[in-house]
Amino acid sequence: MRQIVNGKEMVLGTCYYPEHWPESLWEEDLERMLECGIQVIRIAEFAWSKVEPYEGVFTYEFFDRFLDLAREKGMKVIFCTPTATPPAWLTEKYPEVLNGTIDGVLFRHGGRRHYNYNSPVYQEKTRIITEAFASHYGPHPAVIGWQIDNELNCERDEFYSESDTAAFRVFLQKKYGSLDKLNEAWGTTFWNQTYTDWKEVHIPRTTPSNNTNPHEVLDYTRFISDSACRYAKLQSDIIRKYVKPGDFITTNGLFSNLDNQRMAGESLDFIMYDSYPNFAFTKENYEKFSATLQDRMWSRNLTEVRAVSPNFGIMEQQSGANGWNNRMAAPTPKPGQMTLWTMQSAAHGADYVSYFRWRTCTMGTEIYWHGILDYSGRENRRLREVREIHRKFQAISEAAGSRYEARTAVLKDYDNIWDAQLDIWHGDVDRLSQQSLFLAAQKSHTPMDYVYLREDTTAADLKKYQVIFYPHPVIVNQQRAAILEEYVKDGGCLVLGCRSGYKDMTGKCVMDRLPGLFAKMSGTDIPEYTRVNPDDEPVYIDWDGIRLEAAVFNDQLEPLTADAQVLGRYENCYYAGAPGLICNALGEGKVYYFGAAFTEETARVFLEKLGAASPYADVLELPRECELAVREKDGRKYYFVLNYKKTPVKIQVKEELVDLYTGETVSGQVELEAFGTKVYRG
């Protein structure tokens with residue numbers, strides 16, 4: 001059985017860097033960790049030169065000594081491959097391993113993640129160092145699992161090396177088979193971009209006004225994801241040869257231009273996330289997150305993690321002030337916030353939480369990225385809070401392995417995510433709707449999942465959801481449309497927003513009547529459409545006397561079938577009276593087509609009218625400042641209540657629940673302290 005994320009217990013860990021500290025501190029540090037409830041440490045993700053200081057010269061003694069000490073003390077270890085930071089001897093001798101800018105300027109030694117996935121040299125050096133690490137350290141009894149690299153696609157999620165151009169051509173040849181098919185998919189007759197030789201095909205390059213072919217860029221983004229997935233698998237295939245029974249393979253982070261579900265399925269046992277809610281309070285981010293939910297917005301990221309692994313781990317959890325010497329300056333967590341953010345992670349499915357980091361580093365870029373201990377290592381408030389978190393984790397361990405429970409979902413797919421990155425028409429509606437749906441669900445205490453539509457997704461996978469929002473599926477194909485149609489016919493409720501069905505899988509606009517493949521399903525025709533004029537007042541759609549803002553873009557609708565019912569019409573615009581909301585009965589279910597982007601208020605109204613809002617209102621009554629998450633196992637529900645306010649709040653427990661922190665049965669009014677948390681068992 002795995003030592004963590006095993007469905008049996010909730011476990012605390014921390015990140016530790018023995019290479020940063022005198023060996024005389026190791027024993028003391030491990031003993032102090034264990035004393036406060038930390039059972040697992042992560043090591044070595046930036047330590048290539050400790051094992052291979054010169055090309056082909058391997059010295060294992062440093063980590064041998066540390067692992068032997070960890071075993072003696074009873075500390076469990078997650079060992080990492082060190083490929084996020086190649087050594088100086090490698091990048092100096094083999095500059096072709098380096099990533100660069102779109103203009104060809106190489107990223108040099110001195111930072112991290114400056115390599116590219118497709119360099120044959122770097123792939124070979126990766127095989128060698130991964131084999132060395134896994135074969136030597138894998139059998140050690142202190143090692144319980146492996147982390148691949150560190151934060152794949154972090155900092156740089158675009159790659160512009162010569163190796164990438166060569167690999168991109170191979171990727172395209174495999175996908176299209178011929179230049180004729182490539183030219184057709186990319187629409188290269190536009191602006192005379194037709195290719196007659198594969199050598200003419202490159203990764204995106206600098207053009208006037210950055211007008212790179214959008215169909216090329218969409219495929220390039222798919223290629224970046226493919227490259228990262230193949231690189232992770234290169235390492236996991238090697239590590240698998242050496243893992244002991246019960247050992248696991250994971251990696252950390254959740255970054256863009258990367259199909260995390262594919263990577264997890266091919267290479268991982270589960271994924272880890274790096275959760276830093278304190279980013280909401282940095283100088284750069286404060287204004288943006290003040291307009292939403294500040295640190296509570298990290299629940300949106302954790303919802304994304306759940307879409308990859310229903311139960312997962314946190315490899316790096318906020319523990320101190322954070323920032324680099326050149327950016328990201330955030331304050332120290334206030335009393336209670338470490339607990340709040342830890343329970344935020346647990347509420348969404350984390351059965352393992354590891355704090356970044358144990359000791360605050362005294363050197364390098366991250367000298368202000370504080371850990372549990374400050375520079376001196378003295379006893380402090382945060383260490384005392386970790387002890388209390390450990391007590392609470394022990395008290396709620398029966399919830400380990402329980403799954404987040406939601407009856408409402410937002411459907412996503414990587415093709416539309418990546419298209420929205422490069423198409424501002426798509427991106428503008430998608431950003432607003434994605435944020436609004438999350439905010440409305442959070443404030444109405446409506447647990448919500450993200451579900452990714454993939455090649456192996458079936459209608460049965462969607463059946464558990466009462467309502468599914470697929471806000472702006474601009475790109476769609478017959479297979480995806482058929483799955484959604486089956487879900488609806490079987491009794492599901494699907495909500496679509498504007499610009500649905502505009503493009504095929506290459507990113508080209510379809511010549512069908514809009515909304516394309518969604519027309520019959522939604523019972524909707526779109527004879528006209530427009531972006532909302534910023535000089536005009538906001539446009540509204542009236543739905544049974546409720547005025548919903550029709551934000552950003554307006555599809556002017558017409559019913560297409562006898563079962564299509566007009567529920568809302570535009571007002572105060574030149575197309576006033578035109579339908580803006582249509583509901584189509586299909587089999588046992590319904591499809592709603594809303595001809596605009598979703599504001600928070602619009603999303604709230606949809607949740608309420610469709611009977612999805614506040615499903616646990618008869619159990620708990622909470623102020624909007626609190627988050628409610630529900631996990632379920634073996635028919636038992638676990639209610640996580642999180643107060644993000646810096647002042648106490650009152651909640652109403654409407655039926656008898658067990659407070660797992662204390663073991664007491666409670667009901668009635670309960671006061672939750674500033675940044676307070678509760679976990680109740682139903």
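Reader: Happy to dig in! Is Thr-221 buried or exposed, and what is its relative accessible area?

Author: Good place to start, and do keep in mind that this is a predicted model. Residues count as buried under 20% relative accessible area. Thr-221 falls below that cut-off, so Thr-221 is buried, with a relative accessible area of 5%.

Reader: Which residues is Thr-221 in contact with, leaving aside its neighbours within four places in sequence?

Author: Thr-221 sits in helix α8. Setting aside neighbours within four places in sequence, its contacts are Asn-257, Trp-418 and Gln-421.

Reader: How many of the 26 residues of α8 are buried?

Author: Thr-221 is one residue of helix α8, and Thr-221 is buried. The helix is largely enclosed by the rest of the structure, because the buried residues of α8 number 22 of the 26.

Reader: How far apart are the end C-alpha atoms of α8?

Author: Helix α8 covers residues 214-239, which is 26 residues. At 1.5 Å a residue it should span 38 Å, and the model agrees, because the end C-alpha atoms are apart by 38 Å.

Reader: At the start of α8, which backbone nitrogen does a side-chain oxygen of Asn-213 reach?

Author: Look at the start of α8, where the side chain of Asn-213 offers an oxygen. That oxygen comes to within 2.8 Å of the backbone nitrogen of His-215.

Reader: Let's turn to the sheets. In what order do the eight strands of the open sheet with parallel pairing stand?

Author: In general, strands of a sheet pair through backbone hydrogen bonds, either parallel or antiparallel. Here the pairing is parallel, and the eight strands form an open sheet in the order β5-β4-β3-β2-β1-β8-β7-β6.

Reader: Which strands stand at the edges of that sheet?

Author: An edge strand has a single partner strand, so one side of it is left without a neighbour in the sheet. Neighbouring strands in this sheet are turned by 25° against each other on average, direction ignored. The strands at the edges are β5 (248-250) and β6 (272-275).

Reader: Which residue in β4 stands opposite Ile-78?

Author: Strand β3 (residues 76-80) runs parallel to strand β4 (residues 143-147), and four bridges join them. Opposite Ile-78 in β4 stands Gly-145.

Reader: At about what angle does helix α5 run to β4?

Author: Helix α5 spans residues 120-137 and lies across β3 and β4. Its angle to β4 is about 170°.

Reader: How many residues of strand β8 are buried?

Author: Strand β8 (residues 350-356) has a parallel partner in β1, joined by four bridges, with Thr-14 opposite Tyr-355. It also pairs in the parallel sense with β7 over five bridges, and there Gly-313 stands opposite Tyr-352. The strand is largely enclosed by the rest of the structure, because its buried residues number seven of the seven.

Reader: At which residues does UniProt place the feature "active site"?

Author: The record is an unreviewed entry. One of the two residues is found in the loop between β4 and α6 (162-176), and the other in strand β7 (residues 312-318). UniProt places the feature at Glu-151 and Glu-316.

Reader: What is the largest C-alpha distance between those positions?

Author: The two positions are spread over 166 residues of sequence. Even so, they cluster in space, and Glu-151 touches Glu-316. The largest C-alpha distance is 10.7 Å.

Reader: Are Glu-151 and Glu-316 buried or exposed?

Author: Glu-151 has a relative accessible area of 6%, and Glu-316 also has 6%. The cut-off for buried is under 20%, so Glu-151 is buried and Glu-316 is buried.

Reader: How long is the polar contact that joins the side chains of Glu-316 and Arg-42?

Author: Not counting residues up to four places away in sequence, Glu-316 touches several residues, among them Arg-42, Asn-252 and Asp-274. With Arg-42 there is a polar contact between side chains, at 2.9 Å.

Reader: Which are the edge strands of the open sheet of nine strands?

Author: This sheet has mixed pairing and the order β11-β10-β12-β13-β20-β19-β18-β15-β16. Each edge strand pairs on one side only, and the edge strands are β11 (448-452) and β16 (546-549).

How values were computed:
Residues are numbered from 1 along each chain as its sequence is written. This is a predicted model: local features need pLDDT of at least 70, side-chain atom pairs count only at pLDDT 80 or more; totals for chains, interfaces and linings use all residues. Side-chain values use heavy atoms; hydrogens and water are left out. Two strands pair if DSSP finds at least two bridges between them. Axes are lines fitted to C-alpha atoms, for helices over the stretch in contact, and angles run from 0 to 180 degrees between N-to-C directions. Contact means heavy atoms within 4.5 Å. UniProt positions are given in the numbering used here, feature names are shortened, and annotations may be inferred rather than shown by experiment. Buried means under 20% relative accessible area, exposed over 50%, partly exposed in between (1.4 Å probe, protein chains only). A polar contact is a pair of N or O atoms within 3.5 Å; within protein, one must be able to donate a hydrogen and the other to accept it, and residues adjacent in sequence count only if both atoms are side-chain atoms. The expected span of a helix is 1.5 Å times one less than its number of residues.
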